[in-house]
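Here is a short tour for anyone who likes to read a fold from the inside out. Please keep the model open beside the text as you go.

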Amino acid sequence: MNIERITELYDLFNHEIWGKIPENALKALIAWGIIPPEGKLKCDKGHSLRLVKSSTTVDGWVWRCTERYLKGHKRAGRCTFSQSIRKGTFLDRSHLSAYQILAFSYLWCGNLPINFIMKTANITGEQSATDWNNFCREVVVFGSFQDTVRLGGPGKIVEIDESKIGRRKFNRGHWVEGQTAPVVQLIRYIIEDGAQLGA
Ligand SMILES: [Zn+2]
């Protein structure tokens, strides 16, 4: 995500925390590699999908095939295939708005305290536990694949401080004391082979 300040993100979304993604923000999502560019995704018949406005989806956009094709005998039909813009992306499976997810990830990568992040991204407590869990996981996976940054390497020591990874706040939730948090498992996964793991 190529921004210097959180206010740039806020500007990009026309100062709307919830609701439809403005066209400029959508372009930024494509430029940042969060949403694939047009022409990359195909429908089940192999036609290229286009990004079109949608009044029925939360983000205000949908991938749609608008191809005409010959259906059966002589009647021309229109391909009706459509797909969520979030499907298969970093934004998938979240109840939060695109702005909230981006704000969260941006601040989380800056190592800011979770309470501060929640407040800044307008994320309330009730929806947060699951989402926070998913985000940590996806931010790590997404960030690592995006930048192809691997930690460690042969002979290097990588230390994981599990107390810094969300455990404190949500230790009543999805994993229990003594069990490894999913995000830690994933961090271990992105660490290069041959690195020694510190506790
Ligand atoms: Zn199609």
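A residue is called buried here if 20 or more other C-beta atoms lie within 10 Å of its own, and exposed if 12 or fewer do. With that cut-off in hand, helix 3 is a good place to start: its buried residues are Ala98, Tyr99, Gln100, Ile101, Leu102, Ala103, Phe104, Ser105, Tyr106 and Leu107. Please bear in mind throughout that this is a predicted model.

**Overall layout**

The protein holds 6 helices and 7 strands. Read from the N terminus, the order of elements is α-α-β-β-β-β-β-α-α-α-β-α-β. The protein has 199 residues, of which 21% count as buried. Among contacts with a separation of 6 or more, 57% are between residues 24 or more positions apart.

**Helix 3 and the core**

Helix 3 is mostly covered, with 10 of its 12 residues buried. From first C-alpha to last it reaches 16 Å, close to the 16 Å expected at 1.5 Å a residue. Just after this helix comes Asn111, with a positive phi of about 65°.

Which residues have the most contacts inside the largest nonpolar core? They are Ala103 and Phe104, in a core of 31 residues. Helix 2, strand 2, helix 3 and helix 5 (125-146) are the elements that give two or more residues to this core. Helix 3 gives the most, with 8 residues. Looking beyond neighbours within four places in sequence, Ala103 is in contact with Ile6, Leu9, Thr120 and Ala121.

**Helix 2, a helix with two sides**

Helix 2 spans residues 23-31, and its buried residues are Ala25, Leu26, Ala28 and Leu29. Why do these residues line one face of the helix? Viewed down the axis of helix 2, they fall within an arc of 160°, so they line one face. The spacing is a familiar one: an α-helix has 3.6 residues a turn, so residues three or four places apart point the same way.

What do the buried residues of helix 2 pack against? Their partners are helix 1 (6-12) and strand 2 (61-64). On the other side of helix 2, Asn24 and Ala31 are exposed. The helix is followed by Gly33, which has a positive phi, near 80°.

**A three-stranded sheet**

Strand 2 also belongs to an open sheet of 3 strands, in the order 1-2-5 and with antiparallel pairing. Strand 1 (50-53) and strand 5 (82-84) stand at the edges with a single partner strand each, so one side of each is left without a neighbour in the sheet. On average, neighbouring strands of this sheet are turned by 40° against each other, direction ignored.

How many bridges join strand 2 to strand 5? There are 3, and the two strands run antiparallel. For Arg64, the bridge partner in strand 5 is Ser82.

A little further along, Thr66 sits in the loop between strand 2 and strand 3 (68-71). Thr66 counts as partly exposed, with 15 C-beta neighbours inside 10 Å. Setting aside residues up to four places away in sequence, Thr66 touches Arg50 and Arg78. Thr66 and Arg50 are 16 residues apart in sequence, and their C-alpha atoms are 7.7 Å apart in space.

**Asparagines with positive phi**

Most residues other than glycine have a negative phi. Against that background, the table gathers asparagines of this model whose phi is positive.

| Residue | Phi | Place |
|---|---|---|
| Asn14 | near 55° | loop between helix 1 and helix 2 |
| Asn111 | about 65° | just after helix 3 |
| Asn122 | near 55° | loop between helix 4 (114-120) and helix 5 |

How exposed are the loop residues? Asn14 is partly exposed, with 14 other C-beta atoms within 10 Å. Asn122 is partly exposed too, and has 14 other C-beta atoms within 10 Å.

**Putting it together**

Strand 2 links two parts of this picture: the buried residues of helix 2 pack against it, and it takes its place in the sheet of order 1-2-5. Helix 3, with 10 of its 12 residues buried, gives 8 residues to the largest nonpolar core.

Conventions: Residues are numbered from 1 along each chain as its sequence is written. This is a predicted model: local features need pLDDT of at least 70, side-chain atom pairs count only at pLDDT 80 or more; totals for chains, interfaces and linings use all residues. Helices (H or I, at least four residues) and strands (E, at least two) are DSSP runs, numbered from the N terminus. The arc is that of the directions from the helix axis to the C-beta atoms. Two residues are in contact if their C-beta atoms, placed from the backbone, lie within 7 Å. A nonpolar core is a set of buried Ala, Val, Leu, Ile, Met, Phe, Trp, Tyr and Cys residues joined through C-beta atoms within 7 Å. Two strands pair if DSSP finds at least two bridges between them. Axes are lines fitted to C-alpha atoms, for helices over the stretch in contact, and angles run from 0 to 180 degrees between N-to-C directions. The expected span of a helix is 1.5 Å times one less than its number of residues.
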